[in-house]
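Student: I'm new to this structure and would like a close look at just one part of it. Could you take me through it slowly?

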Amino acid sequence: MLLKTLNFHRFKCGFAPVLRASRLFSNSPPSDVQQPSDESISGKQVKPERKSVVPSNSRFIYPEFLPDPKIEWRNSLREKLERMDMIQRRKHIDIPEFYVGSIMAVSSSNQHAPNKATRFVGICIQRLGCGLRANFTLRNVIKHVGTEMKYQLYDPTIQKIEVLRLEKRLDDELLYLRDAPNEYSTFDENMEVEYLPEGAPVPVNPEMVKLKPRPWRARWERKNMKGLADLGLEDRFYERAEELATPWEKYDLMKQYRKTIPEEEQKEIFAEVYSELHEVEVMRKKLKRKKVFIKPTKNV
């Protein structure tokens with residue numbers, strides 16, 4: 001009788017029925033609750049691998065972002081700060097893609113010039129350095145005199161860099177143009193820009209350069225240059241070149257390792273800077289479109 005009265009009092013006061021302790025504290029799940037299958041759990045946890053958005057040719061387009069391979073000159077903090085400075089500089093000036101062999105025009109400030117600026121047109125014969133010390137050399141023949149200008153790529157006095165003809169050559173350096181006739185290094189100062197279709201590969205100019213008779217500034221027969229025509233030398237010069245040649249160095253893996261940056265480190269560097277470089281390129285394209293767009297006017 002007492003038990004019935006207690007149960008009635010609990011129901012009247014609004015108390016919820018108490019579950020059994022064995023159901024509350026047991027480790028086994030209730031029979032009426034469906035457990036998620038292993039396939040659904042694995043599907044939620046396993047995510048598809050994201051493919052890298054960094055182009056594979058970034059090390060050719062932005063070679064100055066790779067540090068110097070000499071271990072005694074490495075400093076991770078300095079290299080990171082330099083990369084930040086280079087990206088900030090690219091936000092103020094458009095540094096286009098170019099290679100050795102491209103025809104370029106560089107406008108730089110000059111306090112002695114009438115317009116306080118000078119513009120030099122020439123072919124890129126050399127590209128060296130890394131970080132903020134990256135530089136390139138242009139060559140042109142002006143008034144029958146071979147003239148060369150060396151520019152620091154991130155020099156704040158540079159106002160504009162234009163690529164008039166984007167192309168490559170067979171060699172990484174074109175210093176032998178100094179010993180070639182002037183016709184190989186002569187370019188019009190008013191040369192117009194030659195545009196390539198978007199997405200087209202960079203063409204390679206297979207032109208073979210014929211050098212002037214000796215003496216030369218270097219022993220070009222010993223350099224193994226692909227862009228040089230027959231030098232017309234005696235056999236003793238080629239025999240001496242074969243004696244001094246070191247063809248086994250291409251099999252020296254340790255020497256190649258010391259002269260290059262490991263691929264894993266290259267991917268890490270470009271993964272760090274490519275997103276900001278891509279934003280700068282998109283911003284430059286938008287600005288160019290705004291300059292080209294002409295707002296239509298109503299005809300009354």
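Student: Let's start with Arg 133: is it buried, partly exposed or exposed, and what is its relative accessible area? Please build the rest of the picture out from there.

Tutor: Happy to, and keep in mind that we're looking at a predicted model. Arg 133 is partly exposed, with a relative accessible area of 41%. Its side chain isn't left without a partner: Arg 133 makes a salt bridge with Glu 82, and the closest N and O atoms are 2.9 Å apart. Now look at where the two ends sit. Arg 133 belongs to the loop between β2 (117–128) and β3 (135–142), while Glu 82 is in helix α5, so this pair ties together parts that are 51 residues apart in sequence.

Stay with Glu 82 for a moment. Glu 82 is buried, at a relative accessible area of 10%, and that counts as buried because the cut-off is under 20%. Glu 82 also meets the side chain of Arg 78 in a salt bridge, this one at 3.4 Å from N to O. Here both partners are in helix α5 (residues 76–90), four residues apart, or about one turn of the helix. Arg 78 is partly exposed, with a relative accessible area of 28%. If you'd like to put these pairs in context, the structure holds 20 salt bridges.

Back to the loop that holds Arg 133, and the strands on either side of it. β2 and β3 form a hairpin with six residues between them, and in the turn Gly 129 has a positive phi of about 85°. The two strands run antiparallel and are joined by five bridges. For one pairing you can find on screen, take Arg 127, whose bridge partner in β3 is Phe 136.

Follow β3 onward and you meet another hairpin, this time with strand β4 (residues 145–152). β3 and β4 also run antiparallel, with eight bridges joining them. Two residues lie between them, and Lys 143 in that turn has a positive phi of about 55°. Beside the turn, Ile 142 has Val 145 of β4 as its bridge partner.

So how enclosed is β3, with β2 and β4 both paired to it? Seven of its eight residues are buried, so β3 is largely enclosed by the rest of the structure.

That brings us to the inside. In soluble globular proteins, nonpolar side chains tend to be buried together. In this model, the largest nonpolar core has 51 residues, and Phe 65, Phe 136, Leu 177 and Leu 211 are the ones that touch the most other members. You've already met Phe 136, as the bridge partner of Arg 127. At least two core residues come from each of α5, β1 (103–109), β2, β3, β5 (158–165) and α8. Of these, β2 gives the most, with five residues.

For a look at one of those well-connected residues, pick Leu 211. Leaving aside residues up to four places away in sequence, Leu 211 touches Tyr 176, Asp 179, Ala 180, Pro 181, Trp 216, Trp 220, Leu 228 and Leu 231.

Technical notes. Residues numbered from 1 in each chain as written. Predicted model: local features only at pLDDT ≥ 70, side-chain atom pairs only at ≥ 80, totals over all residues. Heavy atoms only, no water. Salt bridge = Lys/Arg side-chain N within 4 Å of Asp/Glu carboxyl O. Buried < 20%, exposed > 50% of the residue type's maximum accessible area, 1.4 Å probe, protein only. Core = buried A, V, L, I, M, F, W, Y, C linked by side-chain atoms within 4.5 Å. Contact = heavy atoms within 4.5 Å. Pairing = 2+ DSSP bridges.
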